[in-house]
Amino acid sequence: MRAYLEPGAAVGAVAVAMAVGVYVVAVIDGTAGRLAGGTGRSDLGAVLLDPLRTVAVLATQRRRRTERPDAPGWALAPGLLGGLAATGLAVVPVGPGAAVADPSTGFVVFATAIAFVMIAVFLHGWSPNSLFPLIGAYRYGAQALSLQIPFLLAMLATALPAESLAVMDIVQAQEDLWNVVRQPLGLPIYLMVGIGVSFWGPLNLPDGADLVGGTSAEDAGTDRLAWELARAAMLFAIASMGAAAFLGGWWGPLLPGPAWMALKTLFLLVVMVGSRHLVARVRIEPFVVACWAVFIPLALVNIFVSGALLL
């Protein structure tokens, strides 16, 4: 029988993990921005305090309202995106037998949460009743539909060695050999898809500057704060699952399992968050073509090779 925490403890554990993860994402983003700009390399105090300053500014900023918006949908979208991040994070184990929830279908739960992100982003763009947010919503629809299949194939390949859809079993099966070595194509595809799901950096197409902010064009104050927090939480959930599914999770010498899990998650966060400052934003048309013509075939090769190694 799989293990589950009590509801109160589960909510508390996920909330604390998300708060820490969001803060770490903000610190990494601030540090990468300063390094990329060549300023403030030694100003550690400012890097650590900047996220708190940003929260304080947005929390006290006046909210913006458009003509005849769908106010409930506008308010619901960040909550839905954050809830999906929390759902995905809940099935990621931090150590042997240590997970908020360890269902036998943990892989399916995480994949479903990722698929529903499209609904949250579309709702966020459609609700303000404004042109640029609506274009951003449709743009994310094209982006999400293109990356779902590569994502599922890359994730499914990690379940083959474990012969299980439980995330705990997938990590356990990497005791002798991590999936990043067994399936070298899997992690790069997963990271690309993860950046796309979180519409971050080079794949921040629905909220791109060419759309004056896209789905966030009409956001200000607490509306923008909630959306940015939810997006950072989704990035953290994706990095955590990547550490568990591809980098061996808690496996590693000397340090305790949770410490290894934290270090591996931090490494993936640095790669994903840093892409915002190191890689130019791509256009939606070549990205869609690349997903269908390049990444899906590569993901199929990855899963075929993984299956052949098990024979």
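This is a short chat about salt bridges and one helix in a predicted model.

Q: How many salt bridges does the structure hold?
A: There are 11 salt bridges in this predicted model.

Q: Let's pick one. Which residue does Arg53 form a salt bridge with?
A: With Asp50, and their closest N and O atoms are 2.8 Å apart.

Q: Where do Arg53 and Asp50 lie?
A: Both are in helix 2, which covers residues 44–60. They are 3 residues apart, about one turn of the helix.

Q: Why does that spacing suit a pair?
A: An α-helix has 3.6 residues a turn, so residues three or four places apart point the same way. Also, side chains of opposite charge can pair when their charged atoms come close.

Q: Which residues are linked with Arg53 in a network of salt bridges?
A: Arg34 and Asp50 are linked with Arg53 in that network.

Q: And is Arg53 buried or exposed?
A: In between: Arg53 is partly exposed, with a relative accessible area of 44%. Asp50 is partly exposed too, at 27%.

Q: OK, what about Arg65? What does Arg65 pair with?
A: Arg65 forms a salt bridge with Asp223, with the closest N and O atoms 3.4 Å apart. Arg65 sits in the loop between helix 2 and helix 3, while Asp223 is in helix 9, so the pair ties together parts that are 158 residues apart in sequence.

Q: Is Asp223 buried or exposed?
A: Asp223 is buried, with a relative accessible area of 10%. Its partner Arg65 is partly exposed, at 44%.

Q: Staying with helix 9, what does Arg231 meet in a salt bridge?
A: The side chain of Glu228, at 3.1 Å from N to O. Both residues lie in helix 9, 3 residues apart. Arg231 is buried at 5% relative accessible area, whereas Glu228 is partly exposed at 27%.

Q: Changing topic: where is the kink in helix 3?
A: At Ala77, shortly before the proline Pro78, and the kink is about 30°.

Q: What span should helix 3 have, and what does the model give?
A: Helix 3 has 20 residues, and at 1.5 Å a residue they should span 28 Å. The end C-alpha atoms are 29 Å apart, which agrees.

Q: Which residues of helix 3 are buried?
A: Among them are Trp74, Leu81, Leu84 and Leu89. Ala77 and Pro78, from the kink, are on the buried list as well.

Q: What do those buried residues pack against?
A: Helix 1 (7–37), helix 4 (106–126) and helix 9.

Notes: Residues are numbered from 1 along each chain as its sequence is written. This is a predicted model: local features need pLDDT of at least 70, side-chain atom pairs count only at pLDDT 80 or more; totals for chains, interfaces and linings use all residues. Side-chain values use heavy atoms; hydrogens and water are left out. A salt bridge is a side-chain nitrogen of Lys or Arg within 4 Å of a carboxyl oxygen of Asp or Glu. Helices (H or I, at least four residues) and strands (E, at least two) are DSSP runs, numbered from the N terminus. Buried means under 20% relative accessible area, exposed over 50%, partly exposed in between (1.4 Å probe, protein chains only). The expected span of a helix is 1.5 Å times one less than its number of residues. The bend at a residue is the angle between axes fitted to the seven residues ending there and the seven starting there. Contact means heavy atoms within 4.5 Å.
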